[in-house]
Amino acid sequence: MDGIKEVKNSPLLNALPIWYHSIYTDGIHPDARFPRDRYTKLVEKLLYSKFAPNIDIRTPEKISRQNLLLAHDENYVDKFLNGELDEKQIKRIGLTPWTPEIIPRTLTLMGGAVSALEYVIENGGIAANLAGGTHHAHREFGSGYCIFNDLAVCAIMALENINFNRIAILDLDVHQGDGTATIFEDLESVLTISVHCSKNFPFRKTHSDFDLELEPGTEDEEYLEVVKKAIQITTNFNPDLILFQAGVDGLKSDALGKLNITREGMRKRNNLVFEMIKKESLPTVIFMGGGYSKPISDTIDAFYDLFTDASLANLELMKK
Ligand SMILES: [Zn+2]
């Protein structure tokens, strides 16, 4: 529990495992426009809450180069690892100004996702990474705050396991999962489904298996109907595993989202997903996704709801 040593975490049996490292925040330059403090603030809020015993914070290891190559081009991976991306490539990713810490941050963040995946493969239930959901990363380049695609790497890793033949990537972040969609465009064993605003980044959308678009200004009621459709599509696919990109940048106060979803609406959305997971007893990995509210406390509150409600769903799931 790096960086939060003052908080004692004594998780209960079947507590929700969440991978977290202080480098998720510290690996981004303090002057970057990206709200880097959201990770440390969120983990503190979780561990000072009454739900703390339901949560088991774990420390990730760095991902291997070999696992990055499952979903990414070798030349791109090695240029990143050697600190040789050019200015244009870095600008497309953002998170600038870069510090040398961006490399260990990225590898640790990807490692958190891999550990969460390995956990659910072995134990079932829900596990989470307190960062990531890096769905704008393509095979050969990074984009929109995303360097490597954790959803794609995890889906391919899962398929290497004999019990996992159908993977659903349910992406409810307000931005389209364009990188994930192109990586899996020819692979039928991975369902890509993205619910997003039609008029925001990425301005040139790609094709997921299912793209459910919302107009700017969409409110809770309409949003939840579309989420229900997405869940139905997911269920129809009959997956063995869910990779849930749970971005909360559809909130009304989000600086990048353009939708008008309330905190309560976002919570209802997550619980629709958790109901499906419980009903079908589906192993699930939660990837945090976007959230850029002004003030950032709205984003933290919505992620707090996500992880605490996930911990309750996991308790029920593991009781089965
Ligand atoms: Zn987003």
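These legends go with a set of close-up views of a predicted model.

**View 1. The whole chain, with eleven helices and eight strands.**
Start with the overall picture: this predicted protein folds into eleven helices and eight strands. Its radius of gyration is 18 Å, close to the 20 Å that the globule rule gives for 320 residues, so the protein is as compact as a globular protein of that length. Along the principal axes, the C-alpha trace spans about 50 × 45 × 45 Å. Buried residues account for 49% of the 320. Take the contacts between residues at least 6 apart in sequence, and 75% of them turn out to join residues at least 24 apart.

**View 2. An open, parallel sheet built from eight strands.**
Reading across the sheet, the strands come in the order 2-1-3-8-7-4-5-6, and the pairing is parallel. Strand 2 (55–58) and strand 6 (210–214) sit at the edges, each pairing on one side only. From one strand to the next, the twist averages 15°.

**View 3. Strand 1 and its partners, strand 2 and strand 3.**
Strand 1 (residues 16–19) runs parallel to strand 2, and four bridges link the two. Two pairs to look for here: Leu 16 stands opposite Ile 55, and Trp 19 has Arg 58 as its bridge partner. Helix 6 packs on the sheet here, touching strand 1, strand 2, strand 3 and strand 8, and its direction makes about 175° with that of strand 3. Strand 1 also pairs with strand 3, again in the parallel sense, over two bridges. On that side, Ile 18 is partnered with Ala 128. As for side chains, Leu 16 and Ile 18 point one way from strand 1, while Pro 17 and Trp 19 point the other way, and all are buried.

**View 4. Strand 7, with five of its five residues buried.**
Strand 7 covers residues 241–245 and is mostly covered. Leu 241, Leu 243 and Gln 245 point one way, Ile 242 and Phe 244 the other, and all are buried. With strand 4 (residues 167–171), strand 7 pairs in the parallel sense over five bridges. In that pairing, Gln 245 is the bridge partner of Asp 171. Strand 7 also pairs with strand 8 (residues 284–287), parallel once more, over four bridges. Look there for Phe 244, which stands opposite Ile 286. Between these two strands the chain passes through helix 10 (residues 263–280), making a right-handed β-α-β crossover.

**View 5. The largest nonpolar core, a set of 94 residues.**
Which members touch the most others? They are Ala 128, Leu 130, Cys 154, Ala 155, Ile 169, Leu 243 and Val 285. Helix 6 (residues 102–123) gives the most to this core, with ten residues. In soluble globular proteins, nonpolar side chains tend to be buried together. Zoom in on Val 285: beyond its neighbours within four places in sequence, Val 285 is in contact with Ala 116, Leu 117, Val 120, Ala 127, Ala 128, Cys 154, Leu 243 and Phe 244.

**View 6. Helix 7, a mostly covered helix.**
Helix 7 takes in residues 150–159, and eight of its ten residues are buried. Those are Asp 150, Leu 151, Ala 152, Val 153, Cys 154, Ala 155, Ile 156 and Ala 158. Cys 154 and Ala 155 turn up again among the residues that touch the most other members of the largest nonpolar core.

**View 7. Tyr 145, in the loop between strand 3 and helix 7.**
Strand 3 (126–129) comes before this loop and helix 7 after. Why does Tyr 145 count as partly exposed? Its C-beta has 19 neighbours inside 10 Å, and a buried residue needs 20 or more. Gly 94 is 51 residues away from Tyr 145 in sequence, yet the two C-alpha atoms are 5.4 Å apart. Leaving aside neighbours within four places in sequence, Tyr 145 is in contact with Phe 34, Ile 93, Gly 94, Leu 95 and His 136.

Terms used
Residues are numbered from 1 along each chain as its sequence is written. This is a predicted model: local features need pLDDT of at least 70, side-chain atom pairs count only at pLDDT 80 or more; totals for chains, interfaces and linings use all residues. A residue is buried if 20 or more other C-beta atoms lie within 10 Å of its own, exposed if 12 or fewer, and partly exposed in between; C-beta atoms are placed from the backbone. Two strands pair if DSSP finds at least two bridges between them. A crossover is right-handed if, with the strands pointing away from the viewer, the path from the first strand over the helix to the second runs clockwise. The radius of gyration is taken over C-alpha atoms; the globule rule is 2.2 Å times the number of residues to the power 0.38. Two residues are in contact if their C-beta atoms, placed from the backbone, lie within 7 Å. A nonpolar core is a set of buried Ala, Val, Leu, Ile, Met, Phe, Trp, Tyr and Cys residues joined through C-beta atoms within 7 Å. Axes are lines fitted to C-alpha atoms, for helices over the stretch in contact, and angles run from 0 to 180 degrees between N-to-C directions.
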